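Please open the model in your viewer and keep the sequence panel beside it. This tour moves from one selection to the next, and each stop says what to look for there.

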Amino acid sequence: MSKQETYEFTPAEEIADEIAEDTRNGWSADPTVGELQLEDRSALRRVAGLSTELTDITEVEYRQLRLERVVLVGVWTEGTATQAEASMAELAALAETAGSEVLDALIQRRDKPDPATYIGSGKAEELRAVVLDTGADTVICDGELTPAQLTALEKVVKVKVIDRTALILDIFAQHATSREGKAQVSLAQMEYMLPRLRGWGESMSRQAGGRAGSNGGVGLRGPGETKIETDRRRIRERMAKLRREIREMKTARDTKRSKRTSSGIPQVAIVGYTNAGKSSLMNALTGAGILVQDALFATLDPTTRRAALEDGREVVFTDTVGFVRHLPTQLVEAFRSTLEEVTGADLLLHVVDGSDPLPDQQIKAVREVVTEVLRESDTPAPRELLVVNKIDALDPLELTQLRAAMPDAVFVSARTGAGLTDLRDRLAEILGGLDVEVGVLLPYSRGDLLSRVHADGRILSEEHEESGTRLRARVPRALAAALTEFAHAG
């Protein structure tokens, strides 16, 4: 029997037993420690439990008319088996959100992806057999593939191949509703598409002379542009136009943000992993009525709402786009004006899905993107408050373990309302600590400032004198700056 024939698909539930046995034999389960065994590195394994294929015949026939049937494939290069399978489960959720039907999921253990076909030529042939067996029309890879890898893998499996980045871009394109959101998604898609533009046969390399190949006379003959060169030029022109439009829309967004900042009302940006429950939490805190859906990237357009805390203090909450592991760089760049909502915030409300098997990985992915945005804008990082959501989906033991792992976090359920009172108290405590104590003598002609102090601050003492109102109060920093000229030591 040949060496190639010894490799078989291994059910995912057997992975843990194999890893335990390998560990007893002196091999580490962590691929970064020691050398990977050849068989384990080359094995292409099925990930159990990710198929969404329906059993009802009529429903299957209906969905086949409108859904792509996909097979997922991933390369496990680092981390544990749990992390690798969680990444594939997330890819399956992304595929479902995009409107696909997941038929099968395969994962291969390697030290690094194959530079030619991502999973290697032998495994690509096995993937072709799986595609034929399941009747899939698309293969989705859990990673960003180079143009050469996409082309080579498509030639072997003979169906459409897309990568994780293209899948996320497709979801964003489906969910974008505002003019700015649509422009940002279009720009990200074109940036991704430009180096991957390709065609079939000679269709993309056709050349025409001055008059489409006819004898146009002196000065009108020549090779002209190939079709692919023409398409690239048009894409670049469209990208330049979109960048101008986004810059203009960014100016309007910056103006609105500066008005909110100058008002002196504390700004709270709600950030977190996609589908962590940010919109649900904002609805629970403000009654905003934002779209809530159990789907990835349901919210793409930031929503800002004003609400009052228990002590009467007004706060502005901004719901932002969710993040994901390996968020495409094209999206980070295109959505920069949207993500910059975090730069003007006094507090980041970092929402974590407590029911996720790897909440620490979610936290890491979100902080990486936030750090990049803050670094690009040269803005100091605002204070962060971790909020663990969906505690109603946890059993008491899991909840106890999370509380021990995140002692400074607030634990809530936006769906049932559990823990929201504690969250409001923590918000009042943190935002109150950002205030500045001032002593001012306001002339009676500045009733507008007195009204703002009453609305946005906390009065410590107030006396009415002949020349004006003398008061001591704790107010937001922006309002304290506006009161500087009326400061009075008495």
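**A pair of strands to begin with**

Select strand β6 (residues 267-272) together with strand β9 (residues 347-353), and you will find that they pair in the parallel sense over five bridges. Helices (H or I, at least four residues) and strands (E, at least two) are DSSP runs, numbered from the N terminus, and two strands pair if DSSP finds at least two bridges between them. Strands of a sheet pair through backbone hydrogen bonds, either parallel or antiparallel. Within this pair, I270 stands opposite L349 in β9.

Before going on, note that this is a predicted model, in which local features need pLDDT of at least 70 and side-chain atom pairs count only at pLDDT 80 or more, while totals for chains, interfaces and linings use all residues. Residues are numbered from 1 along each chain as its sequence is written, and side-chain values use heavy atoms, with hydrogens and water left out.

**The rest of the sheet**

Now add strand β10 (residues 383-389) to the selection; β9 and β10 pair in the parallel sense over seven bridges, and here L349 stands opposite L385 in β10. Five of the seven residues of β10 are buried, so this strand is largely enclosed by the rest of the structure; buried means under 20% relative accessible area, exposed over 50%, and partly exposed in between (1.4 Å probe, protein chains only).

Widen the view until six strands are shown, and you have an open sheet in the order β7-β8-β6-β9-β10-β11, with mixed pairing. Its edge strands are β7 (303-308) and β11 (410-411), each of which pairs on one side only.

**Into the core**

Which residues touch the most other members of the largest nonpolar core? Select L72, L281, L349 and L423, which hold that place among its 89 residues; a nonpolar core is a set of buried Ala, Val, Leu, Ile, Met, Phe, Trp, Tyr and Cys residues joined through side-chain atoms within 4.5 Å. Helix α4 (residues 81-97) supplies the largest share of this core, seven residues. Colour domain 1 (68-173) and domain 2 (264-432), whose bounds come from an automatic or database domain assignment, and you can see that both give residues to the core, so it lies between them.

Centre on L349 once more: leaving out residues up to four places away in sequence, it touches V268, A269, I270, V271, L281, L285, L385, V387, L423 and L427, where contact means heavy atoms within 4.5 Å. Another core, of 13 residues, lies apart from the largest one, and L450, V453, L479 and F486 are among its members.

**Two polar stops and a glycine**

Go next to R424 in helix α15 (residues 420-433). Is R424 buried or exposed? R424 is buried, with a relative accessible area of 17%, and, its neighbours within four places in sequence aside, R424 is in contact with A284, L285 and E310.

Then select R109, which lies over the face of W76 at 4.0 Å from the ring centre; a charge sits over a ring if NZ of Lys or CZ of Arg is within 6 Å of the ring centre and within 35 degrees of the ring normal.

Finish at G439, in strand β12 (residues 436-442), which is buried with a relative accessible area of 10%. Apart from its neighbours within four places in sequence, G439 is in contact with L471, R472, F486, A487 and H488.
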